[in-house]
Amino acid sequence: MSTAADSATHRRAEPVPAAPAPSRARLQTVLLAVGIALAAVNLRPVVTSLGPLLDDVRADLGMSAGVAGLLTAVPSLCFALFGLAAPALARRIGPIAVVAAGMGAITLGVLARSYAGGTAVFLLLTAVALAGVAVSNVLLPVVVKRWFPHRVGPMIGLYSMALSVGTSLAAAATVPLTAEMGGSWRAGLGIWSLLAAAALVLWAVVALLRRDRSGGGRPAQGEGRTAAEPSGPIVRSRTAWALAVFLGLQATSAYATMGWLPKIYQDAGVSDGASGVLLAVVMAVSVPASFVLPSLAARRGDQQLFVVVLGICGIAGYTGLAFAAGTASWLWACLVGLSMCAFPLALTMIGLRARTPGGVARLSAFSQCVGYLISIPGPIAVGAVYQATGSWYLPLGLLAALLVPQMVFGALAGRPRHIEDELPRVPATA
């Protein structure tokens, strides 16, 4: 009789099978990984879809040449200014919710600017979209560090590859899509809001499933908690400064290359169509490399070797463009494309140079904001030197020369250390 009672008690106390919980966790993890990739695809079409249609936009809106030139500096400025707000927003409502809001801002800005009736409104709505890009730029590495702490390299690789795909897709497909939709620049720019809307829906679902809040979410498995958190200003970290300068110099090369490479090839006698293809080659080379490089870099204690190799590729590529752009054109495009993989390498180092998601948030915001500010004068200076000299020798020499300090600061940022060790610490509170 007691046996039956014990058996009944045992049945009542028997735990509910735990299979559904792991299944739901796996589903959320897969959704988040897909969300990271889809968000990354949306981080550059705001900018790269505009370039091919800029003449049509200027003619329709009565935009002056000066304002059109200002548009080349607006992305970096917005990335720097709005990115500063990302860590505070993440602490308040959680990084997933902020990225979801960023996708919403991109969707709204891209769609609404296609209906703009004047230059001022067009610029304002472009800034709205870029604000969404800025906060997502900063917080996607934080999401990777928090929810994929043991797979930082592969996830940054996925993020970087998707970003490269979005960059090249918008640059290559905007004109054909515009032609298919009747030739209106408004349709050609507005169509990219559909891609952003898909990312918004997915991130809204992820946010609802995880219900991430500041201080309310559990730390990712393996993330742990430290006994003390860094409290001093991040400007005291030499690693943070080195990473910021490295990011700024690579962004200088990247934006100058994207803006001027077709012109460089055209001045060397390459046809307009072929010069556009060569720019696409630069972007296409970075797609597989951006996926593989972060995983390789994350396996090493330091990333200095990768910094130097990419810098040497860039120096060789810019030298070839200066003296033989019309010869071995594909080789120079491939070398320059490889050098631009310094960006996914920098993203990887952001995830590796801090121990906690909070540290990654501070490092990401600081290094990207300072870096984008550093990059603003670069493309403008390249154009000014070209206009003053009438040739590409000095501008390309400038870009090659900037790769030397880029390698120096990248090597400093690539050392195996953490910003938490360079900042004052205070005891953790209960």
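Biologist: What makes Phe-323 count as exposed rather than buried?

Modeller: In this predicted model, Phe-323 has a relative accessibility of 66%, and since exposed means over 50%, Phe-323 counts as exposed.

Biologist: Why is Trp-260 called partly exposed, and how does Trp-392 count?

Modeller: Trp-260 has a relative accessibility of 25%, which lies between the limits of 20% for buried and 50% for exposed, so Trp-260 counts as partly exposed. Trp-392, at 8%, counts as buried, because buried means under 20%.

Biologist: How many aromatic pairs does the structure hold, and what makes the pair of Trp-260 and Trp-392 tilted?

Modeller: There are seven aromatic pairs. The ring centres of Trp-260 and Trp-392 are 5.7 Å apart, and the limit for a pair is within 6.5 Å; their planes stand at 55 degrees, which is neither under 30 nor over 60, so the pair is tilted.

Biologist: Which parts of the chain does the pair of Trp-260 and Trp-392 tie together?

Modeller: Trp-260 belongs to helix α12 (residues 238-267), while Trp-392 sits in the loop between α18 (377-389) and α19 (393-413), so the pair ties together parts that are 132 residues apart in sequence. Trp-260 and Trp-392 also form one aromatic cluster with Tyr-386.

Biologist: How do you know that there are zero disulfides, and where is the cysteine sulfur nearest to that of Cys-341?

Modeller: A disulfide requires two cysteine sulfur atoms within 2.5 Å, and by this rule the count is zero. For Cys-341, the nearest cysteine sulfur is that of Cys-313, 9.0 Å away, and Cys-341 is in no disulfide. Cys-341 counts as buried, with 1% relative accessibility, and Cys-78 is buried too, at 8%.

Biologist: What agrees with the expected span of helix α17, and why is α17 called largely enclosed?

Modeller: At 1.5 Å a residue, the 19 residues of α17 (residues 357-375) should span 27 Å, and the end C-alpha atoms are 26 Å apart, which agrees. Because 15 of those 19 residues are buried, α17 is largely enclosed by the rest of the structure.

Biologist: Which residues touch the most other members of the largest nonpolar core?

Modeller: Of its 86 residues, these are Leu-32, Ile-36, Tyr-159, Trp-203 and Leu-345. Helix α8 (residues 119-147) supplies the largest share of this core, with 13 residues. Leaving aside residues up to four places away in sequence, the contacts of Ile-36 include Leu-140, Val-143, Phe-148 and Trp-203. Another core, of 29 residues, lies apart from it, and Val-270 and Leu-399 are among its members.

Technical notes:
Residues are numbered from 1 along each chain as its sequence is written. This is a predicted model: local features need pLDDT of at least 70, side-chain atom pairs count only at pLDDT 80 or more; totals for chains, interfaces and linings use all residues. Side-chain values use heavy atoms; hydrogens and water are left out. Helices (H or I, at least four residues) and strands (E, at least two) are DSSP runs, numbered from the N terminus. The expected span of a helix is 1.5 Å times one less than its number of residues. Buried means under 20% relative accessible area, exposed over 50%, partly exposed in between (1.4 Å probe, protein chains only). Rings of Phe, Tyr and Trp (its six-membered ring) pair if their centres lie within 6.5 Å; planes under 30 degrees apart count as stacked, over 60 as edge-to-face and the rest as tilted. A nonpolar core is a set of buried Ala, Val, Leu, Ile, Met, Phe, Trp, Tyr and Cys residues joined through side-chain atoms within 4.5 Å. Contact means heavy atoms within 4.5 Å.
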